[in-house]
Amino acid sequence: MATTLVRPRTLTEPAPTAHKAPALRHLGPNWYASVMGTAIVANAGATLPYQLPGQRVACQLVWALSAAALAVLLTARAGHWLHHRDQARAHLLDPAVAPFYGCLSMALLAVGGATLIVGKDLIGTGAAVAVDAVLFTAGTAIGLVAAVAVPYLMVVRHKVEPKQATPVWLLPLVAPMVSAALGPLLIPHLSPGQPREAMLLACYAMFGISLLATLLMLPLIFGRLIVGGPLPLALTPTLFLVLGPLGQSTTAVNQLADMAPQAIGAPYAGALGAFAVGAFAVVYGVPVMGFALLWLALAVCMLVRAARAGMGFAMTWWALTFPVGTCVTGAAGLARHTGLTALGWLAAALFLALLTAWLLAATHTLHGLLTGRLPRG
């Protein structure tokens, strides 16, 4: 009988990684959506015009959960890149997965913003500012890179057909808008003068980057729906992603309106005087919020249709959280600048929808993790 000699592996030779950390092999960048969806609950709950007893404490607990989830997920994703580089590269070259790299940016930004909004109550303002500064810087840099790199890959490497257009394509384009909405939180903690002015104008620039890029992409997505029909059942929740740039841009103009007077001086102070009372925020935000509600109604109808057709749980359910949360913060900002009770109640109603969606997505995700279905991909 012939025998096969197996050469022993030397100490300096890397071990095969095919069977290392198998639970991480299918851990894609879409998992960052769960962190985004959790952090936005804390952000939205703390900024509501109506506050119930214990509401802020609950928001602090949710912030702590999102921060812990971010730390665990960053570690797990590092292990994914270390042990499963082939799969990681495949994700980048997959037009259905690559856009989710925008979620990394938004997860960092959302947790950073929540740290400064509610986390400061637990760790102190100084520490909260430091944490948010780090997460905002990293999230913004990653978001700007993703906003260029993912469309570039879609043009030169991905084989994309019109029927493949989905709201997922918006993810890398929305990330700069999240920076524009959360950057103003840091302005009061910067030195007066050029640092504050630079941050303000950088946020306006990122507002423009995201808004114009979104306006280019939305016709492709809506055209695909009209011509190609409903999305596959598992992708139906991604219709809510369209709410992201709408609600986040409304939030951004409200935040920028609050900070403009103390961040920029002559010769622009007079021209920007209207921002002190949020005039531009209202003129822009109300029509955009109106369109957001129109799209929300359409998305809900499509979601009900998919549920009746047997739609099961998928990680796309997290698309029901963060985008709705941005509409909560947008409506709350409009309520603050207009004083309209109706907008305050709109923010509260959207927050209840956000809580419902978060509970559903979180419960099914936890069940999927405990049963091992989600790690198996």
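I take helices (H or I, at least four residues) as DSSP runs, numbered from the N terminus. The model is predicted, so local features need pLDDT of at least 70 and side-chain atom pairs count only at pLDDT 80 or more, while totals for chains, interfaces and linings use all residues. Residues are numbered from 1 along each chain as its sequence is written, and side-chain values use heavy atoms, with hydrogens and water left out.

Entry: surface patch.
I looked up valine 227 and found this residue in helix α7. Valine 227 counts as exposed (over 50% relative accessible area, 1.4 Å probe, protein chains only) because its relative accessibility is 75%. Val227 joins Phe222, Ile226 and Leu298 in a nonpolar surface patch of about 410 Å². For such a patch, residues need over 30% relative accessible area and no salt bridge, and nonpolar side chains are joined within 5 Å. Helix α7 (residues 194-228) gives the patch its largest share, three residues.

Entry: largest pocket.
I took a pocket as an open set of points on a 1 Å grid, where a 1.4 Å probe fits, with protein on both sides within 12 Å along at least five of seven lines; lining residues have an atom within 4 Å of a point. The largest one has a volume of about 730 Å³. Its lining counts 35 residues, with Asn30, Ala96, Val97, Phe100 and Thr316 nearest the centre. I sorted the lining of the largest pocket by class: 22 nonpolar, eleven polar and two charged.

Entry: second largest pocket.
This pocket holds about 580 Å³. I list 21 lining residues, and α2 supplies the largest share, six. No charged residues appear in this lining, against 16 nonpolar and five polar.

Terms used: Patch = residues over 30% accessible without salt bridge, like charges linked within 9 Å, V, L, I, M, F, W, Y side chains within 5 Å. Areas by Shrake-Rupley, 256 points an atom, 1.4 Å probe, with all protein chains shown as cover. Salt bridge = Lys/Arg side-chain N within 4 Å of Asp/Glu carboxyl O. Helix = DSSP H or I, 4+ residues; strand = E, 2+ residues; numbered from the N terminus. Buried < 20%, exposed > 50% of the residue type's maximum accessible area, 1.4 Å probe, protein only. Points joined across faces, edges and corners; volume = space filled by probe spheres on them. Nonpolar A, V, L, I, M, F, W, Y, C, P; charged D, E, K, R; others polar.
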